[in-house]
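Here is a short tour of one structure, written for someone who likes to see what the atoms are doing. Have the viewer open and follow along.

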Amino acid sequence: MRFTGGIFDIDGVVLATPHERAWRDALEQLMAGPWRDLAPGTDYSVGRFTNAVYQEQVAGKPREAGAAAALAYFHISDPDGSRTRQYADLKQRLLEQLAAAGEFHAYDDALRFLLRLKASGVRTCAASSSKNADAFLRAIAIDAFCVQHGLAYPFVSEKTTLLDLFDANVDGADVPHGKPAPDLYLAAVAALGEDPGRCFVVDDAPVGIQAAKAGGMYAIGVARHDDAALLYAAQADVVVERLDALDPAALH
């Protein structure tokens, strides 16, 4: 393979963030509180918002699109969109609380892969649908990771953050259509100044894989939740459980 650009979704690929928990907790709070009278007419019950539901319905989508998809999945009526907005707003408040409490971390395998890619000359772009991604990335100190694991790279200083490892960034960009449309990943290709056929995308959600393929890019799925079959069904070119299983030398 001959790629000069690498595009990365963030949540579930590079970082373990509390997005899924925030979505689940927000819906539980609403259904136990202001929406409790709706419950008998829905398919929702505590425990039904599983990781599989999150990955298939919510992950990788812009905030309100994810909220709307979850409500539709559980057959929670929302005739005027107000419940979608209420749900999305509560999820955001809970996410900010969890983030402030330090409820997130970087995946070691993703950091190793990103460092090796940068050292090999492949240019990378952060491309999350979430507007929260940059704050999470900025909070991860790369120098501390390198010291801890005995790694040394000339481009890493004591001030280097995970956000600094990316050459371009379209996190939270306003695009006409969210995933599975390719708009966000095409924006990342443009930010890198590359051709789609020379770029690979790394994503952990089926809609992200579909977006990459729709944009003419090579799609690498990360199966962190025993969901390789879903990623292959979305037409991933390759699926791995750990990113450091990939050899950067084979990607350029």
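Is Lys213 buried, partly exposed or exposed, and what is its relative accessible area? Lys213 is partly exposed, with a relative accessible area of 32%. Please keep in mind that this is a predicted model.

## Lys213 and its partner

Lys213 has company: its side chain makes a salt bridge with Asp237, and the closest N and O atoms are 2.8 Å apart. Lys213 belongs to helix α9, while Asp237 sits in the loop between α10 and β8, so this pair ties together parts that are 24 residues apart in sequence. Asp237 also counts as partly exposed, at 34% relative accessibility.

## Strand β7 and its neighbours

Now turn to strand β7, residues 218–222. This strand is mostly covered, with four of its five residues buried. On one side, β7 runs parallel to strand β6 (residues 199–203), and four bridges join the two. If you want a residue pair to click on, Val201 has Ala219 in β7 as its bridge partner. Strand β8 (residues 238–240) is also parallel to β7, joined to it by three bridges. Here Gly221 stands opposite Val239 of β8.

The helices complete the picture. A right-handed β-α-β unit is made by β6, helix α9 (residues 206–214) and β7. Another right-handed β-α-β unit consists of β7, helix α10 (residues 228–233) and β8.

## More salt bridges

How many salt bridges does the structure hold? There are ten. One of them brings together the side chains of Asp167 and Lys118, at 3.5 Å from N to O. Asp167 is in the loop between α7 (142–149) and β5, and Lys118 is in helix α5 (residues 108–120), so the contact links parts that are 49 residues apart in sequence. Asp167 is partly exposed, with a relative accessible area of 34%, and Lys118 counts as partly exposed at 24% relative accessibility.

Asp203 and Lys179 form a salt bridge too, with 3.0 Å between the closest N and O atoms. Asp203 lies in strand β6 and Lys179 in the loop between β5 and α8, so the pair ties together parts that are 24 residues apart in sequence. Are these two residues buried or exposed? Asp203 is buried, and so is Lys179. Salt bridges that share partners join Asp9, Lys179 and Asp203 into one network.

## A buried aspartate without a salt bridge

Asp171 is worth a look of its own. Asp171 is found in the loop between β5 (168–169) and α8 (183–192). Which side chain of opposite charge is nearest to Asp171, and how far away is it? The nearest is Arg138, 8.3 Å away, and Asp171 is buried yet has no salt bridge. A salt bridge needs the side-chain nitrogen and the carboxyl oxygen within 4 Å.

What Asp171 does have is a polar atom of its side chain 2.7 Å from the backbone nitrogen of Ser128. Leaving aside residues up to four places away in sequence, Asp171 touches Ile10, Ala126, Ala127, Ser128, Ser130, Ala133, Asp134 and Leu137. Ser128 thus appears in this contact list as well as in the 2.7 Å approach to the Asp171 side chain.

Terms used:
Residues are numbered from 1 along each chain as its sequence is written. This is a predicted model: local features need pLDDT of at least 70, side-chain atom pairs count only at pLDDT 80 or more; totals for chains, interfaces and linings use all residues. Side-chain values use heavy atoms; hydrogens and water are left out. Buried means under 20% relative accessible area, exposed over 50%, partly exposed in between (1.4 Å probe, protein chains only). Two strands pair if DSSP finds at least two bridges between them. A crossover is right-handed if, with the strands pointing away from the viewer, the path from the first strand over the helix to the second runs clockwise. Lys and Arg count as positive and Asp and Glu as negative; His and the chain ends are not counted. A polar contact is a pair of N or O atoms within 3.5 Å; within protein, one must be able to donate a hydrogen and the other to accept it, and residues adjacent in sequence count only if both atoms are side-chain atoms. Contact means heavy atoms within 4.5 Å.
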